[in-house]
Amino acid sequence: MATLEIGKNSKAATPAPFKILTPLELAYRRFRRNKLGFVGAFIVLAFMFMSLFANFLAPYTYDKTNLSNVFKRPGQNPANVLGTDDLGRDLLSRLIYGARTSFQVAAVASLVSTVLGMALGFLAGWYGGWVDLFINRLLELVGSLPALLFQILLMGLLGNGIWQVTFVITVLSWPGMVRLVRAQVLAYKERDFITASQSLGASTASVAFRHLLPNIINPLIVAVSFGVPGFIAAEAALSFLGYGINEPIPSWGKMVGKAGQYLQNFQYLMVLPAACLAILVLGFAFLGDALRDALDPSSDRAS
Amino acid sequence: MTAYISRRVIEIFFNLLLVSFLSFAIMWQTPGGPFDEVNQPLSKEAKANIRAKYGLDQPFYVIWWNYVKNAVQGDFGTSYQYPKQTIISLFQRYWINSLILGALSVLWSFPVGVIAGVIAALKRNTWIDRTITTVSLVGVTMPQIALIFWGVLIFSVQLKWLPWGNGRDLWQQELRFLIMPVFLFGFPTVGSMARYVRSGMLDVMGQEYIRTAKSKGVAYVSVVMKHAMRNMMIPIVTLFGPTLANAFTGSALIEVFFLIPGIGGFFLTAVFTRDYPLLMAIVLVGSAVLSLTYLISDVSYTLIDPRVRVGGGRK
């Protein structure tokens with residue numbers, strides 16, 4: 001080792017001289033250390049799998065009612081493993097399809113807010129001036145709206161439905177992303193490698209995608225992972241209050257809300273969707289935490 | 001400083017104008033109206049009369065502009081459902097419950113969050129730290145309805161320790177009733193506060209001047225309290241804005257679930273009854289409160305940290 005340390009401090013030379021790790025491998029190493037992160041990743045993947053293959057996994061369709069088979073507790077009836085609800089619908093099937101609802105809302109909202117955030121954040125940070133001013137005004141407008149109240153107002157206009165819910169959640173979802181991207185762009189804009197590629201004649205698009213994006217993608221991934229719980233919670237809250245998904249499409253939030261009247265006698269009706277909601281959201285949170293430790297170099301100090 | 005504040009206030013005013021236009025347009029387009037067609041059908045003439053009385057026969061932008069002019073003077077119009085009371089008095093009636101709930105939550109959640117964050121940072125990478133960070137992660141991300149539900153199920157339904165809700169005002173409730181809503185409202189704040197404070201503390205504790213102070217023999221507690229805590233004020237103030245705004249606008253979910261007659265639950269009834277003047281007023285006031293709290297926290301930055309300059313165009 002000693003011979004390798006010429007002109008360098010020992011810390012810089014510690015990565016084994018035999019194998020040079022790529023940043024991704026380093027990130028994976030850091031990720032692997034975090035057990036909760038693994039649990040989170042597993043939960044998220046499992047629920048994702050469930051929602052993608054709901055048609056094959058669910059024993060029944062989500063809207064098949066059977067009024068001679070209502071309020072069966074979990075395990076009471078072998079045909080319905082997790083029991084049935086007030087209309088005799090199979091609870092397991094509805095929970096599985098409920099995951100699809102949550103993911104659909106969260107996926108669209110994350111995608112749109114990320115793309116919009118990247119576009120507006122880049123414009124604001126890169127061009128500055130009145131573009132920045134205008135985008136900042138927009139951010140302030142959206143940021144000053146009381147979220148839940150405004151979403152409910154919009155739902156009143158649009159009517160219930162999964163796309164409407166997705167829309168009202170997405171509409172308010174992007175300011176955080178814009179702020180993040182803008183700050184990152186500002187931090188990198190004056191750096192030498194950006195100036196260098198510009199002076200070599202690289203187009204703005206090329207600078208943005210080839211040089212800027214790889215540098216700012218990590219905090220973005222972390223932000224998405226932390227944003228998803230918010231979207232899932234927002235959908236659940238709206239549906240819970242009766243401004244979300246229409247019957248018979250299942251949504252965990254709505255299932256919790258509807259089961260409120262049976263809380264004294266049939267608690268499983270509420271426990272199961274509330275548990276799904278809690279588990280999935282925690283999964284994303286743990287995953288996000290581990291991803292930040294793994295991907296965000298500035299959090300190295302914590303290790 | 002004065003120039004900065006007055007500029008911000010003007011900006012907030014224009015922002016509110018936009019918000020009012022936006023929500024006014026949304027409600028204008030929303031199907032349904034204030035008339036009860038099923039139980040009290042009215043003749044066409046009667047409806048036209050009522051529309052004229054409330055000024056609803058004019059074009060959209062005229063109604064909006066009239067509304068803004070009156071709202072500036074504190075007159076938010078007449079609620080359709082409660083025509084005998086002014087909207088301000090309705091606000092006072094319902095808001096007080098939200099305010100009590102919010103204030104009590106802030107009172108416990110801020111100190112607890114700060115203390116938890118400091119402890120986590122000082123005991124870094126021990127089981128104490130891991131417990132605090134995990135619990136606060138749960139607090140930050142757990143959807144409120146899941147939290148509320150578990151709270152009610154465990155403490156009200158199963159253990160029967162805490163009463164659930166009877167729709168009375170908060171000051172008429174027994175003290176035990178307050179425990180759960182106040183806890184649930186504050187819990188997410190504790191989580192985010194603890195996380196902010198912890199990471200800020202870790203940043204500060206690694207700084208040279210902390211090492212210098214330590215090496216000069218300054219007592220550990222004093223180092224932490226005097227040097228580190230002062231630098232912790234920034235994240236605390238950052239969080240204070242949204243939390244305060246939350247406390248002001250109330251939590252619709254908690255109010256609905258615990259049958260607290262607060263502004264959030266009141267808003268929901270107003271949506272059901274299509275009580276546009278009331279809805280407008282709630283959204284506008286909520287938005288104004290949010291903007292003001294942001295302004296307050298921006299101004300407080302300069303008071304805490306002289307490096308933060310304000311009004312220079314860049315921050």
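This is a short dialogue on reading chain B of a predicted model, from its overall build to one residue and then to its contacts with chain A.

Reader: Which secondary structure elements should I expect as I follow chain B from the N terminus?

Author: The secondary structure of chain B comes to 12 helices and 0 strands, and the C-alpha trace that carries these elements spans about 85 × 55 × 30 Å along its principal axes. Of the contacts in chain B with a separation of 6 or more, 73% join residues 24 or more positions apart.

Reader: How do I read burial, and is B:Met232 buried or exposed?

Author: Burial is read by counting neighbours, with 20 or more other C-beta atoms within 10 Å as the cut-off for a buried residue. B:Met232 has 23 C-beta neighbours inside 10 Å and therefore counts as buried, and across the 315 residues of chain B, buried residues make up 37%.

Reader: Where does B:Met232 lie, and which residues does B:Met232 touch beyond those up to four places away in sequence?

Author: B:Met232 lies in helix H9, residues 220–249 of chain B, and its contacts, with those sequence neighbours left aside, are B:Val197, B:Gly200, B:Met201 and B:Val204. The C-alpha atom of B:Ile132, 100 residues away along the chain, is separated from that of B:Met232 by 18 Å.

Reader: How many residues of chain B are in contact with chain A, and how should I read such an interface?

Author: The size of an interface is often given as the accessible area lost when the parts come together. Counted by residues here, 36 of chain B are in contact with 35 of chain A. Among the elements of chain B giving two or more residues to this side are helix H1 (2–29) and helix H12 (276–304), and by class the side has 25 nonpolar, 11 polar and no charged residues.

Definitions and conventions
Residues are numbered from 1 along each chain as its sequence is written. Chains are lettered from A and ligands numbered from 1 in the order in which they are written. This is a predicted model: local features need pLDDT of at least 70, side-chain atom pairs count only at pLDDT 80 or more; totals for chains, interfaces and linings use all residues. Two residues are in contact if their C-beta atoms, placed from the backbone, lie within 7 Å. Helices (H or I, at least four residues) and strands (E, at least two) are DSSP runs, numbered from the N terminus. Ala, Val, Leu, Ile, Met, Phe, Trp, Tyr, Cys and Pro count as nonpolar, Asp, Glu, Lys and Arg as charged, and the others, Gly among them, as polar. A residue is buried if 20 or more other C-beta atoms lie within 10 Å of its own, exposed if 12 or fewer, and partly exposed in between; C-beta atoms are placed from the backbone.
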